Structures are given as structure tokens and as C-alpha cells.
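Please find below a short note on the model you sent round. It is meant to be read with the sequence and coordinates open.

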Amino acid sequence: MERRSFLKGGAAAGVALASGGVAAPAYSQAANRTLRFVPQANLANFDPIWGTQYVVRNASAMVWDTLYGFNDKLEPQRQMVEAEEVTDEGKTWTFRLREGLRFHDGEPVRGRDCVASIRRWMPRDPMGQLLRAATDEIAAVDDRTFRWKLKAPFPKMTMALGKNATPMCFIMPERIATRFDSFTQINEYVGSGPMRFERNEWVPGARAVFSRFDQYVPRNEPASWLAGGKRMGVERVEWVIMPDPATASAALQNGEIDWWENPITDLVPVLRRNRNIAVDIADPLGNIGSFRMNHLHAPFNDVRVRRAVMMALSQEDYMTALVGNDRSLWKPLPGFFTPDTPLYTEEGGDILKGPRNLDAARALLREAGYTNAPVICLVAQDQPITKAMGDVTADLLKRIGMNVDFIATDWGTVGQRRSMRNPPNQGGWSMFHTWHAGADAINPVLYNAVRANGDGAWFGWPNVPAVEAEVPNWLAAANLAEERAAIARLNRAAMENVVYAPTGFFLSYQAWRRNVTGIAKGPLPFFWGVSKS
Amino acid sequence: MSTTVLPPGVNAAAPMGDIMPPVIARRGVLGFLRRNPTIAFGGLLVLLMVSVAVFAPFLFTKDPTALAPALRTREPSATHWFGTDMLGRDVYSRVLYGTQVSLLVGFSVAVLASAIGLTIGLISGFIRAADAIIMRVMDGMMSIPPILLAIALMALTRGSVRNVIIAITIAEIPRVSRLVRGVVLSLREQPYVDAAVAAGTRTPVIIWRHILPNTLAPLTVQATYICASAMITEAILSFIGAGTPPIIPSWGNIMAEGRALWQVKPYIVFFPAIFLSVTVLAVNLLGDGLRDALDPRMAKRL
Amino acid sequence: MFAYIVRRVLATIPVMAVVALFVFSLLYIAPGDPAAIIAGDQATPADIERIRASLGLDRPYLVRFGAWVWDIARGDLGTSIFTNLPVRTMIAQRIEPTLSLMVVTLILAISLAVPMGVMAAWKQGTIIDRAVMAFAVLGFSVPVFVVGYVLAYYFALEWDLLPVQGYTPFSRGFFPWLENLVLPAIALGSVYIALIARITRATMLEVLSQDYIRTARAKGVGQRAILFIHALKNAAVPIVTVIGIGMALLIGGAVVTESVFAIPGLGRLTVDAILRRDYPVIQGVVLLFSFVYVLVNLAIDIAYTLFDPRIRY
């Protein structure tokens, strides 16, 4: 502990005598084996398939293991699986588990645990739903093997089982996976991963504690994101939830915490100046900001109005408001897929490029017959990302002459109201802001928000047959070139019809104290390989 | 100066100067203000703040909602006297316009809570049947910490100045009604009120002639404290995220938005904090002064 | 005396009933849907409906109220919608930090404010009086979180004397526990000190001008004895009243202080629950706070009889 303690120093003897508590030297030794981490949000509940919050996924990745895992090139690698066999023209998959896999209660991981976990996961996941529709039968063969028979080949099987997009397919004991169905939260956290969740030390909203599971058998390969050997370098990981970024910043500087998941960019210069703190990009896959429109009602049911917004929208304004003055933290995004990934394309994105044309936007609005109908904007104030974007939107819409009805509310209300299909002035909505992790926007099956199947689509219910037609084309593509062609056509159709308006691609930082080593960049914080000196 | 012979052991009092101030200053407003410096000081500051609120558009301010993300988080300078916030908005303009909101909230809550509390207190004091129920309800509401009550009420509705005013008013009403009821109950026992009732004077007249004048003093003092407390409560509500929407700047939400940056750009929190503190201080001083002037015995209860 | 206590205790029941009805009804008509929040950003409307049903959020009002009251009577405060933990457990986890903060703040405030008020009354009209009162009023005017930030900046960051945030349980030692509470207590206490100092001064002034004080002075009783034995005892009633009323202020301020100093207490729990619409937690905590407030005032009413034999109900 670096911080000099005024009271402690002055009363060291008194502490030992009077309180009978833990004496200072012993305490700091134990502290070197505990990693104190400030997560992006509160860990309120802890069931990996129950919701899609990233913070739940991040914690779950410590507690449960997966059959496959993406490495840093987004390629699914075997994790719990030792080998798989694909027969019958791609319709039958036989998986064989590694030796020595155990749950936290000491039981070995068996084939039927995998089957039960997969069955619980499938209804909640978009790719899982596709798999379920294609499943003929899935059953355990013996303790270390299970077999999955499909009605049609599913080449992306390992991607589905190894992806990091939520919800991930984690393996839990059969008794838990069958006791709680896909729509009921689990309340037992027996995991298969390298860390055990200490439920009796959990204070929701304040602290979550994980301790090393010594019987975990890591793979031999070096760790790479969710693939490879997950070797824990510390004995305990404490998640400290801090509602106030200024407090977290001060705590990091003072050595009271070790690792901060997402420091706000304005505080990064202060952290950088501190010799004991290191700052780097958190996730090269970044995030995509979203201006989500309601295609069911006026004014955004008219594609011309949507395009008018796209003409006037300045991604620079949005991104600067979001991540500040650091230009290296954002990229313009004239497309829907994550930059620097295989399927990234700018096809059809010219409307977002070049100087902004407000006059053309206003003209297009007039042509579309927009006559001052109020635009109901749902803006959550308790999420810094949506709050910043909301302010920019209010300004933007006013400047092109739209009548803004700004509803400043909280994330919960946005979540409820955006599911309403009523007209905006009867409890519905016209637009809301959100963001998507870059890791989720790498292809159409991981990416709800780009789908446009009308009533079955995500909130906003865009209906663009041209987009939907490309999804099976992509699934059936034989090689990368065909995939890219399909995605390019999809992107163009999505742009021309404005499925939603991307406000830009942005990165964020993470910060840690220099006595902590092994911190990797990735879509989620990886706790294996991290140690403290 | 007379020379009186004093008994041994007793010291003469220090000679006093001219005890009687000039006749002119003794009477009138100036005399009043000179005798009550707290009212003078507090009142002056409040007046200053009110003028800032009223004349905000003319005090070299820009549009407080104008975004300029390229100019975000600039230090105070010649073009932006209080600097800019994280969206590039001019803090000086926002703080000055924020005066409007904060004063509006403070005054509205004070007036509304006093009026409604007065009514409820009068009803409760006079009509025994209603008293029991009303006082139970008021006790119940007072048991819930006012901040929690206000947050809960704000969580029911969307953030707006009107809803903030309503929420804080509801939280403040019980105390006012208690106060008024107390006065009414004690006055009812007074002989002259008794006489009036015996003489057949109708209740409204009794209220108007006897009760109201006596409630006015403590009510006014209480109203000033409510005003000050409402402004702080609005700041806290905004701090937590349950206050006025950011499109309408108020000192509370300027501070709330700038809180994350106070270590690097303290001016975003600093300037509204100063304005808020000065105004609340002024209103409190005004209340203290009024209380001392009207009836110093109130100090025990308030 | 005993009958009085019993009567006062019984009188709290209708008050609590009003609170219960109020709290319950408030939340029932609220918009904002916890089911949508749990489901997360990427969920479909069908998912949300299923979650609502599984949480029982679609039963009618009276049924829910009746069930709730019955549970409370048996000591079951329900289960949190979000964390699936019993509300009782969540409260129990968070009670120690808030209680510690309140106790330390109370002791700090009283031990600072009462002498301040006495001093100001004794030296009425002098610089000391005005300075003390100005200081006190300042405490009342500056928002709690601003005081907190300034304190944290200087004492924790710049001079490295105290920790910036967090809470150390008492079981880890008295001084570590106290260390974490010093700054929050000062920030929170600033409001309380102002209030108590003012009332103390005002009451003392009144008492000091009474006849029996002049008698004591004439008898030659020392100044200090007059102040502390005679005057303070008589001033105790309004001071204690204000301490009781000020509890509500403390609770409100605790919400903000806990947020600034990252103390895992009940204040933060309540605010988080309200903003997330975690109904069972909100109901449990607000009931608890009200209950404590009622108890504190009851204790004060009873304590009156100790201070002032003239008060008999």
C-alpha cells in the first residue's frame, strides 16, 4: 500500500492493542494477492443468460467456462472441448471434453451438463435460436462426450458456442440448468471457470468478490482473450462499484483500487500524469453509437425524414461530445459494421461523409411534408453515453427545424417505453439513443440492431426486405469474398433505408496501477494472466 | 455627565456615547435596515440574485443550450468568462440562466408550501374531526425523509421544473401545517378569541382578524427557510439524477454534469456552487433577520 | 409515565400504517419497468413480458398490497427484483456503514456545535459570536457534495492524510474504521452543525437572560458552572428536539455523501433502487427509515421527561 496513513501511523501501537484487528503489515501482504477492480456498472444480478448487460457477461466469464472461445483474432478456439468431429455432411457434431474439468462443487463436468446448459442458453440467443430451429437432437453420449444432430449443416457452430457477444454459452451443472428454465434467474452460482463467486460476500451495488478455484485445469496454450490457458495470477478479485467517476479516479491515484475498467476520457490526462498509473485503450473493437428511429410512426416512418437526419448528422459532434478532445479515440463510421474487422464496409455510406448539408436536410424535410410534428426523444440521463448523444441530438434536430420533445429520463424508463408500438404521442416514442459493442457488430447474426424484419426486428421495427435477403446469403457464403459481397449489399440497403443512424465508432480507455501486470486489451476485461507485485 | 457616588466594590458602567441616534434615521426604511443589518445584507443579496435572474439575457450571456463540442472543457477566458462544459456550452450563461430556475424553484416551493400548509393547518386546528386524520397523515409523511420522498416522487414522472417544484412542495407541506396548527391551537385558548367565539363571530372572521396576523410572522420566517432548503434539495435531486432536465440549466444540474470533472476542471462545479451558496446564505440571513425582528422567541422553535 | 410510553408507542402504529400505504401506492402507479431493465438493451418485447409475468408484476393492486402487509408482519420484507436476494439481507449488509456514518457524524456535530453555540451565546454580539454564526450558516448553505469534494481533494489527494473513499468494517480495527469515516462525517455534519449551533445559541441566549441565572450569578456561582450546569440543562429540550428533527436531514445528506465517498450504505441502496424501480427494496428501505425516524422521535419525547420534570403528558 503506497498511501501513507495519518491515523494509522500515529496510532499503530494503539491499533494492535486496542482493537485486536488485523495488524497493518499482515494486511498489506494479503492485499498483494487481491485485485481491486472498478467495473463499468453495477453487478445487480448474476445470471449470464437472464439479461444482456455486459457487466454480467464480464463477471460470468470468470465464473463459468465455455466450450469454445474467441481468440484475439475473433476465431473460435477449443476451450473445454478437446476435439470435435463433424460427420454426416456437416449435420452431426460430436464433441469430446478435456480431461479433468471440474465444477466449483467438486463434481466433474460431464456431457450431460453441457447438453443442459446449451438447452438453457439457446432460446435466449439469436444464434442459439437459429441452432434450435436446426436441431434434430442433442444428447450426451458418455461422461466426456455429447452429440448434436442437426437437420441442416450449421458451419458457424463453433462461432455460436465461442462468441463473446451476449449471452455467451457458459457451461453450468445440469441440476442448475434444468432447475431454472431459460426465463428464470439462477440463484446458485456453481461455475466451471477459474474463479469462484463468493456469494456471501456479495453486496449488490457495492461489491462482488471472486476467489481462485484451485482445481481449475487451464489449457496449455498461452491465453488469448477467451481462448487458451486461463491461469489466475491473483487469489482474489474484488469488484468495487463506484457511482462517481471522480471518486474512482481519486481512488486509483491513491492506490485504493488497482484497475479501472472505463475511466472517463477527461480524467485520463490526470491519470497519465501519475507515475504509478498506466492508461491504454480498453477494447480495440470499440463501440458503435446509435440514433435509433421508430419506423412505425411519423415522422421517421418516412425514409426521406430519416435521410434528412443522416444528411445533417455530424458524427464529429457526437463523438467529440462523447469521448472528448482526443481524436485518436473515435473514427467516423459510414457503415454499420465494426472497423478493422473482416466484414467492415462503407458501401452506401456516402450520405454520412463530407461536409454536413443542413439546407439540403431542411429541403428534404419539406419535400417529405414534415409539418412540425413533435419528435419524442427518449434520453437516459444516467448513462453518460446516451446523455451526451441526447444533448447533441436535441441541438441537431432543432437546427434542421424539427420540433423536439426531449424526454430526459432514466435507462429503465427508456427500456420500457421503447418496447411500446403506440404512436409517439400516446406513450410511444420517435427516437432513442443506445450503443453497441464492436464485438457484437462483426456479422449479422450477432447483431440484432442491423436486422430489418419488421415486427420481429429490434425496437424501432425497421422493415427492409433488401437487408433481410442478404442474411441467408451471408450464412450460405462459401468463402470470405462471398461473405463480403453479401455484407456490402446489406450495408448499402441498410444505409439507403436508414435502419438506424450510426453516430460514430468510439474507443474507450482502461487504467491500472503499474504494479499490476498482464492486463490485455479486449472486448471484456480478462482477469487471467493478471498479477500484482 | 453626573457624578454619582458609588458604593465600594461596584464599578461604574463605561460611559456611553450618544445613545439616541438622530431622529431621521430612527424611522423609516433606512432606520429599519440599519437596526437590522442581517435583513439588510440578506435582502440585498437576494435582490441582486433576482436581478441577475430577470436580466440574464442582457448580461452578456449567450444561448445557454448552444452546443459546441469542438470547444468543450475550455478554461475560463475572455470569450467564456466561466469556461465551457463538456459539451462546449458557456458556463457563465448557464449559471446566470440557472439563477432563474433555482430562484423559481425556491420561491415557488416556499409560496406553495406555505399556502397549502396554512390551509391544512387552519382546517386541522379548527375542525377537530379532521384534525386527527390530517395529523396522522402529516406525521406519516414527515416520517419519510424529505429527500427520499422527493426522489420517489420524481421517479414517478419525467424530470421537469414543474415536477421538481411539486415534489419538494409535497415534502415540505407537513412541517408548515404542523406549525400553523400549533399556532391555531394555542390561540384558540386565548381569552380574546374565546370572547369572539362567545360573541358569535363567524369563524372566517376570527381567522382573518385574530389567527392570521399571529401566524404570519412565524410562517414568513419558515417560508424563507423553506426557500433556502428547496434550492439545496433541487441541487441534490439533480446531483442524484432525479431533477430538472439538462436542457434547462439549473445550478444543481450544472454541478451534477460537472461532478465527474471537478478534479481537472473544477470551475464547472465551482461557479454554480458559489452562486448557490451565496443565494442560500442570503435567504437564510433574511430569515434570521426577519425572525429576530418579528419575534426573537421564535428562535427557540425554528 | 409507563402509560405515557405505551400511549406514545401505540400512536406510532397509525403513523406507520399511513407510511406503508403511501409508499406502496406511490410505487404502484409509477411508470418505468424493472422487467425491461433486467432484460437489458438487446431484449425483445416478448422477453420483457415473460420476465414481468415471472416476477408477478401483473397482479392487481389490492392483492399485492395485502400480500405485502402480511409478509411484513412476519418479518419478510420481500425479495429484490434485481438481485434475487432477500431485502432483509440486502439491508443487513448495508446497515453498518450507514449507521457508522450517522453515529460518527452525530458525535462530531454535537461535540462541535454545542460548544460553538454556547460560546456564541456567551460572547453575544462580539466577533466570536458573528464568526461562529457565519461559519454555521455557511455549513447550511454549501451543498454537501461540494464540501465532500473539496475535503477529498485536499485531505485525501493532495496531502494524503486520509482515504478518498470506501468503508472499512469495524471488525478490521477501530482506527481503520474511523479513518474512512472522518471526511464523510465532516461533509455530512456541516449541515447538522449549523442547525444545532444556531438553536443552541438561541436557546442559551433566552435561558441566560432568565431570572434564575441572574440569581446564580449574584450568588457568585462561577461562569462555567452557570453555563454548563444551569443553562445547558434548561436548553437541552429544544436542542434535543432539533437533533431529532435533524435526523431527516442526516438521512438525506447521507444519500449524497455515500455516493461521493463510495460508502456501501443504505442511502445509495435506496437511490439505486428508486432509479431502477426495484419495488421491494424501495418499500423495505423507506419503511425502515421511517420506522427509525419515528423511534428516534419517540425516544426524544420520552427523554423530555428526564430533562424537564414540568413536561408531563
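The points below take up a chain interface, a domain contact and one helix.

1. Status. The model is predicted, and the remarks that follow should be read as descriptions of that prediction.

2. Interface between chains A and B. On the chain A side, 27 residues are in contact with 19 residues of chain B. Five elements of chain A each contribute at least two residues to the side that touches chain B: α9 (245-254), α10 (268-273), α12 (315-323), α14 (384-399) and β18 (403-409). Of these, α14(A) gives the most, with five residues. Sorted by class, the side of chain A that touches chain B holds 14 nonpolar, six polar and seven charged residues.

3. Domains of chain A. The assignment splits chain A into domain 1 (54-179), domain 2 (196-283 + 510-532) and domain 3 (287-506). Between domain 1 and domain 3 of chain A, the C-alpha centres are 33 Å apart. Eight residues of domain 1 and seven residues of domain 3 make up their contact. On the domain 1 side, helix α6 (residues 126-134) of chain A has the largest share, three residues. That side consists of six nonpolar, one polar and one charged residues.

4. Helix α8 of chain C. This helix (residues 174-208) has 35 residues, yet its end C-alpha atoms are only 40 Å apart, whereas a straight helix would reach 51 Å at 1.5 Å a residue. A kink of about 45° in α8(C) is centred on G189(C). As for its surroundings, α8(C) is mostly covered, with 30 of its 35 residues buried.

Methods: Residues numbered from 1 in each chain as written. Chains lettered and ligands numbered in written order. Predicted model: local features only at pLDDT ≥ 70, side-chain atom pairs only at ≥ 80, totals over all residues. Contact = placed C-beta atoms within 7 Å. Helix = DSSP H or I, 4+ residues; strand = E, 2+ residues; numbered from the N terminus. Nonpolar A, V, L, I, M, F, W, Y, C, P; charged D, E, K, R; others polar. Expected span 1.5 Å × (residues − 1). Bend = angle between axes of the 7 residues up to and from the residue. Buried ≥ 20, exposed ≤ 12 C-beta atoms within 10 Å, placed from the backbone. Domains from an automatic or database assignment.
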